[in-house]
Amino acid sequence: MRESTIMFLHYVAAVLIMITGLIHLLANNDPVIGAAIKASPVLYLGNMAIFLAALLYHAFNGVRVILIEMVPDRCWTKWISWAILIVGIVTYAVGLQVLMVALGFA
Amino acid sequence: MEAESEFKEYYAKNMRGISGWFNRAYTIERWLYAAHRITGILIVLFVLAHFYSTGWHPGLWWDALLGIIVTFHTANGIRLILAELGFAVGKPLLIKKPSQRPVSIEGVQRYVVVFALVLFVVLAAIWAYYALIVQPMMG
């Protein structure tokens with residue numbers, strides 16, 4: 001994927017984090033709004049699935065950008081990118097399972 | 001001459017590492033950039049701990065500090081997205097004298113910087129209210 005596409009998705013993920021992260025914060029910190037949000041566990045799980053995906057993409061891409069700026073070498077850049085991608089996918093798979101257990105779906 | 005071209009190439013490649021994030025010659029945007037990176041790395045560390053033992057939080061006053069870190073990253077991130085998409089960027093300023101301080105951007109971008117900083121303070125205050133007053137009441 002082109003670097004400009006990756007960075008555009010980085011900003012899309014940022015906007016998604018702002019929306020879903022706000023819902024996550026309200027659900028766990030505001031007694032009134034939190035109860036209303038957690039009234040439908042399926043929707044909240046969907047929110048958390050989107051939040052987790054966007055957060056992991058944004059976080060791991062941020063780390064990748066810093067790393068490849070430290071090591072501006074084409075070969076290293078390629079390996080760093082693949083390693084980060086694989087670690088990110090594994091973290092998402094494990095994270096979804098943990099979320100489903102924590103929210104009482106499994 | 002040889003040394004100078006090597007020096008320029010070294011800077012062009014941005015090979016200064018982490019020390020390159022902090023350069024006194026730059027403008028406030030550069031400081032915001034350094035702070036954005038540092039807060040970003042701190043948030044990643046928090047998120048990893050938050051995942052590893054599910055729902056972990058540092059606790060009362062540290063939660064307020066976490067709020068400062070996260071809300072700064074959010075507010076400055078909004079400014080960065082606007083700049084990236086070409087909104088409210090302003091014109092580049094012509095440097096007329098060598099003694100003139102380097103100002104990369106003039107006009108609207110100044111107001112966006114102020115807006116981001118004000119938004120940061122407001123969001124951090126709201127977060128601190130929830131961390132220090134609402135959370136202890138919830139138990």
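**View 1. The second largest cavity has a lining of 7 nonpolar, 1 polar and no charged residues.** In this classification, Ala, Val, Leu, Ile, Met, Phe, Trp, Tyr, Cys and Pro count as nonpolar, Asp, Glu, Lys and Arg as charged, and the others, Gly among them, as polar. The model is predicted: local features need pLDDT of at least 70, side-chain atom pairs count only at pLDDT 80 or more, and totals for chains, interfaces and linings use all residues. Residues are numbered from 1 along each chain as its sequence is written, chains are lettered from A in the order in which they are written, and side-chain values use heavy atoms, with hydrogens and water left out. The lining consists of Leu32(B), Phe72(B), Ala75(B), Asn76(B), Val113(B), Ala116(B), Leu117(B) and Phe120(B). Two or more of these residues come from each of helix H3 (60-84) and helix H4 (108-138) of chain B; H4(B) gives the most, with 4 residues. The space enclosed is about 30 Å³.

**View 2. The largest cavity is lined by residues of chains A and B.** A cavity is a set of points, on a 1 Å grid over the protein atoms alone, where a 1.4 Å probe fits but cannot get out; lining residues have an atom within 4 Å of a point. Grid points are joined across faces, edges and corners, and a volume is the space filled by probe spheres set on the points. The structure holds 2 cavities of 30 Å³ or more, and the largest has a volume of about 50 Å³. Leu56(A), Ala59(A) and Phe60(A) line this cavity together with Val44(B), Val47(B), Leu48(B) and Phe51(B). Helix H2(B) gives the most to the lining, with 4 residues. By class, the lining has 7 nonpolar, no polar and no charged residues.

**View 3. Helix H4 of chain A covers residues 74-102.** Helices are DSSP runs (H or I, at least four residues), numbered from the N terminus. The expected span is 1.5 Å times one less than the number of residues; for the 29 residues of H4(A) this gives 42 Å, and the end C-alpha atoms are 41 Å apart, which agrees. The buried residues (under 20% relative accessible area, 1.4 Å probe, protein chains only) of H4(A) are Ile80(A), Ile84(A), Gly88(A), Gly95(A) and Leu99(A). Just after H4(A), Gly104(A) takes a positive phi of about 80°.

**View 4. Ser40(A) lies in the loop between helix H2 (31-37) and H3 of chain A.** Ser40(A) is partly exposed (between 20% and 50%), with a relative accessible area of 27%. The C-alpha atoms of Ser40(A) and His58(A) are 27 Å apart in space, and the two residues are 18 residues apart in sequence.

Methods: 1 Å grid on protein atoms, 1.4 Å probe; cavity = no way out; pocket = protein on both sides within 12 Å on 5 of 7 lines; lining within 4 Å.
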